[in-house]
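Thanks for coming, everyone. Let me put the structure up, and then we'll walk through it.

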Amino acid sequence: MSGPSPQRPAVPSQPPSATPQKELPVTPKPVVLIAEELSPATVEALGPDFEIRSTDGADRAQLLGALADVDAVLVRSATRMDAEAISAAPKLKVIARAGVGLDNVDIKAATQAGVMVVNAPTSNIISAAELTVGHILSLARNIPQASAALKAGEWKRSKYSGTELYEKNIGIIGLGRIGALVAARLQGFGTQILAYDPYVTSARAAQLNVRLVTLDELLRESDFVTIHMPKTPETVGMLGADAFALMKDTAYVVNVARGGLVDEVALHTALEEGRIAGAGVDVFVQEPSTDLPFFAHDSVVVTPHLGASTEEAQEKAGVSVAKSVRLALAGELVPDAVNVAGGVIDPAVRPGIPLMEKLGRIFTALTHDSLTQIDIEVAGEIASLDVKALELAALKGVFTDVVSEQVSYVNAPILAEQRGITSRLITTPESEEYRNVLRLRGALSDGSQISVAGTLTGPKQVEKLVGVNGYELEIPISDHLLVLLYADRPGVIGTLGRLLGERGINIAGMQVARNKEGGQALSLLTVDSSVPQEVLDAIRAEIGASVAREVDLQD
């Protein structure tokens, strides 16, 4: 007998206690804009955590339109990241230059906008050193000239007879990373290496198997002179008429470092008059340059700024800045930041970073011999915090104006180690006159010591210099500082005002400190413009100053 089928209980679509699931919003990936062709390894190093876009950075309109919502932009040399481009990118956090030079990036505008600038300071050092050696070999053996002649159907063995490098004197001006690499490579040819670098100790020179000499000695004794210095007001035209007059008439000069280190007009004159034998040049005051007068000399070898133009250097540069972009967008410390330190740094410590860099540059300007030791002291409330970034900033400032490579938070300690300089970070909670004081103390190889101290005051955190070599003072730090040490006596201030006023140099501020009445006085002036060397010489002569130096802190 059949009956009704038993009813099956209804199965609810959701458990009784469940609530409808909301879809989580998808967090957009940070946008990285690649504005020029970079190696595939660069994109690979960025990884999958970013939205990668591309544009033609050389096309201005296309670039400005592409910047609207990007977090980072990677460039080489053709893309101008100036104030206009930076203002077109309100979300921009980092500009990464896949290379060393930063002429196409407005660092000041980036800093004002809170945008980090990074580069790849060590990516091209091997390539640059090898190109230097290539230029020297080309000059010694007339390789480019002989090749061009033979290709033109001329067989001129006797015309292109050269010289061996064996037992020749090679003079290296600037013994930083590239200079040291050049020295190591040329020693394999059986050469004698002479070096001039006021910031390298004798111990470091011995380690590199080079002989430290004065600049004049180097110029007089060298058969080949190669320069690897930073481009500063002091080094522009460093190899000029006076230098060429000291060199042998059989000597050659090489510059693959920075355009302007060799005075191009003086070089042409020296070649015309036979004061030197020839030159190898890779960098120029104006680039591109294709028709400079000295190009006409057969004893000159020129290349179109090829120092970093190798596949290896370009790949290293791309991978390096890709890693920096990852760190920057993750909020971590970015070793190769050239304007600001990235990373998790206490807000109370962060304002001290630019101050410490400036103190480092002032410290270096006051040195008169090679540095052997430096103490970085942090006193006051922030001493209990992690202040490692201040030590890095101090070392970055110390080397900024004295080495040819770009100095960063990662390579500054290495630069110190390479030069035989020991550094210590010293912290103390005690600060008598200010909430916090940052101080650098250094020992020089002649046994003397130097020191500078600074602080931040007021709600606007004004950067002030509060001590120089034991003299107490308080003066805001400006782009142009004039430091004078002389015997204390009446009339000096009036003389300074007259000498500077006659040259149209305006004094913005001035502090005078002395160790005792009639003893040594130290004057620190802030001025509105740079002070030419001839004015410093006039001041030194008229007031009998033992120290008369300008510290130029302009970017």
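Which residues line the second largest cavity? They are N255, G259, G260, V262, E264, L267, V281, V283 and F294. Keep in mind that this is a predicted model. By class, that lining has 5 nonpolar, 3 polar and 1 charged residues. The space inside is about 30 Å³.

How many cavities of 30 Å³ or more does the structure hold? There are 2. The largest cavity has about 50 Å³ of space. Its lining is Y199, T364, T367, L371, V398, F399 and I421. Here the split is 5 nonpolar, 2 polar and no charged.

Now the sheet. It is open, with 6 strands in the order β14-β13-β15-β16-β17-β18. The pairing is mixed. Look at the edges: β14, residues 422-428, and β18 each have a single partner strand, so one side of each has no neighbour in the sheet. On average, neighbouring strands are turned by 20° against each other, ignoring direction.

Take one pair in detail. Strand β13, residues 371-380, runs parallel to β14, and 7 bridges join them. For D375, the bridge partner in β14 is R424.

What packs on this sheet? Helix α14, residues 388-400, touches β13, β14 and β15. Its direction makes about 140° with that of β13. Then there is helix α13, residues 352-366. That one lies across β13, β15, β16 and β17, and runs at about 155° to β16.

Next, the second largest pocket. About 420 Å³ of space lies in it. Which elements give two or more residues to its lining? They are β15 (436-444), β16 (449-457), β17 (462-468) and β18 (471-476). In total, 19 residues line this pocket. Nearest its centre are E433, V437, R439, V466 and E472. The lining divides into 9 nonpolar, 4 polar and 6 charged residues.

Last stop, a helix pair. Helix α5 covers residues 125-141, and helix α6 covers residues 143-151. Their axes come within 6 Å and cross at roughly 60°. That crossing makes α5 oblique to α6. Where do they meet? On the α5 side, the residues are L137, S138 and R141. On the α6 side, they are I143, P144 and Q145. By class, this contact has 3 nonpolar, 2 polar and 1 charged residues.

That's the tour. Happy to take questions.

Methods. Residues are numbered from 1 along each chain as its sequence is written. This is a predicted model: local features need pLDDT of at least 70, side-chain atom pairs count only at pLDDT 80 or more; totals for chains, interfaces and linings use all residues. Side-chain values use heavy atoms; hydrogens and water are left out. On a 1 Å grid over the protein atoms alone, a cavity is a set of points where a 1.4 Å probe fits but cannot get out, and a pocket is an open set with protein on both sides within 12 Å along at least five of seven lines; lining residues have an atom within 4 Å of a point. Grid points are joined across faces, edges and corners, and a volume is the space filled by probe spheres set on the points. Helices (H or I, at least four residues) and strands (E, at least two) are DSSP runs, numbered from the N terminus. Ala, Val, Leu, Ile, Met, Phe, Trp, Tyr, Cys and Pro count as nonpolar, Asp, Glu, Lys and Arg as charged, and the others, Gly among them, as polar. Two strands pair if DSSP finds at least two bridges between them. Axes are lines fitted to C-alpha atoms, for helices over the stretch in contact, and angles run from 0 to 180 degrees between N-to-C directions. Contact means heavy atoms within 4.5 Å. Angles under 35 degrees count as roughly parallel, over 145 as roughly antiparallel, 65 to 115 as roughly perpendicular and the rest as oblique.
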